[in-house]
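Hi,

Here is the structure I said I'd pass along. Have a look first, and my notes on the pocket and the salt bridges follow underneath.

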Amino acid sequence: MPTAKRNYKKEYKEYHGKPEQIAARAQRNAARAKLGLKVGDPREADHKNPLSRGGSNSKRNLRAVSQATNRKKGAKS
């Protein structure tokens, strides 16, 4: 029984084109710009007080950390 092929392009567009995803991406990009992180820089912008808990993109709330460190911190409840 042949399986239907997935349309990855459509799935990507439907997920990443959602207004909430666009807004989240804009906030991440703004945080990177505030820290002066350029394209290709392996570090990430870490929010000391997460956006999901009422944090902001102010410079006081941001720090540049490695990807591993930021992923380990994660979104803790």
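**What lines the pocket**

Sorted by class, the residues lining the largest pocket come out as nine charged, six polar and six nonpolar. Before you read on, keep in mind that this is a predicted model.

The largest pocket holds about 660 Å³ of space. It has 21 lining residues, and those closest to the pocket centre are Ala45, Asp46, His47, Pro50 and Asn70. If you want to find your way by secondary structure, the elements giving two or more residues to this lining are α2 (19-35), β1 (44-47) and α3 (67-73). Of the elements, α2 gives the most, with seven residues.

**Asp46 and its partners**

Asp46 is worth a click, as it turns up again among the salt bridges. There are six of those in the structure, and Asp46 takes part in a small network of them with Arg63 and Lys73.

Take the Arg63 link to begin with: the side chains of Arg63 and Asp46 meet at 2.6 Å, N to O. This pair ties together distant parts of the chain, with Arg63 in strand β2 (residues 62-65) and Asp46 in strand β1, 17 residues apart.

Then there is Lys73, whose salt bridge with Asp46 has its closest N and O atoms 3.1 Å apart. Here too distant parts of the chain are linked, since Asp46 sits in strand β1 and Lys73 in helix α3, 27 residues apart.

So how buried or exposed are the members of this network? Asp46 has a relative accessible area of 3%, which is under the 20% cut-off, so Asp46 counts as buried. Arg63, at 37%, is partly exposed, and Lys73 is partly exposed as well, with a relative accessible area of 23%. In other words, a buried Asp46 is bridged to two partners that are each partly exposed.

**A bridge within a helix**

One more salt bridge to look at: the side chains of Glu14 and Lys10 meet at 3.8 Å, N to O. What separates the two along the chain? Both lie in helix α1 (residues 8-16), and they are four residues apart, about one turn of the helix.

On accessibility, Glu14 has a value of 48%, so Glu14 counts as partly exposed. Lys10 also has a relative accessible area of 48% and is partly exposed.

Cheers

Notes
Residues numbered from 1 in each chain as written. Predicted model: local features only at pLDDT ≥ 70, side-chain atom pairs only at ≥ 80, totals over all residues. Heavy atoms only, no water. 1 Å grid on protein atoms, 1.4 Å probe; cavity = no way out; pocket = protein on both sides within 12 Å on 5 of 7 lines; lining within 4 Å. Points joined across faces, edges and corners; volume = space filled by probe spheres on them. Nonpolar A, V, L, I, M, F, W, Y, C, P; charged D, E, K, R; others polar. Salt bridge = Lys/Arg side-chain N within 4 Å of Asp/Glu carboxyl O. Buried < 20%, exposed > 50% of the residue type's maximum accessible area, 1.4 Å probe, protein only.
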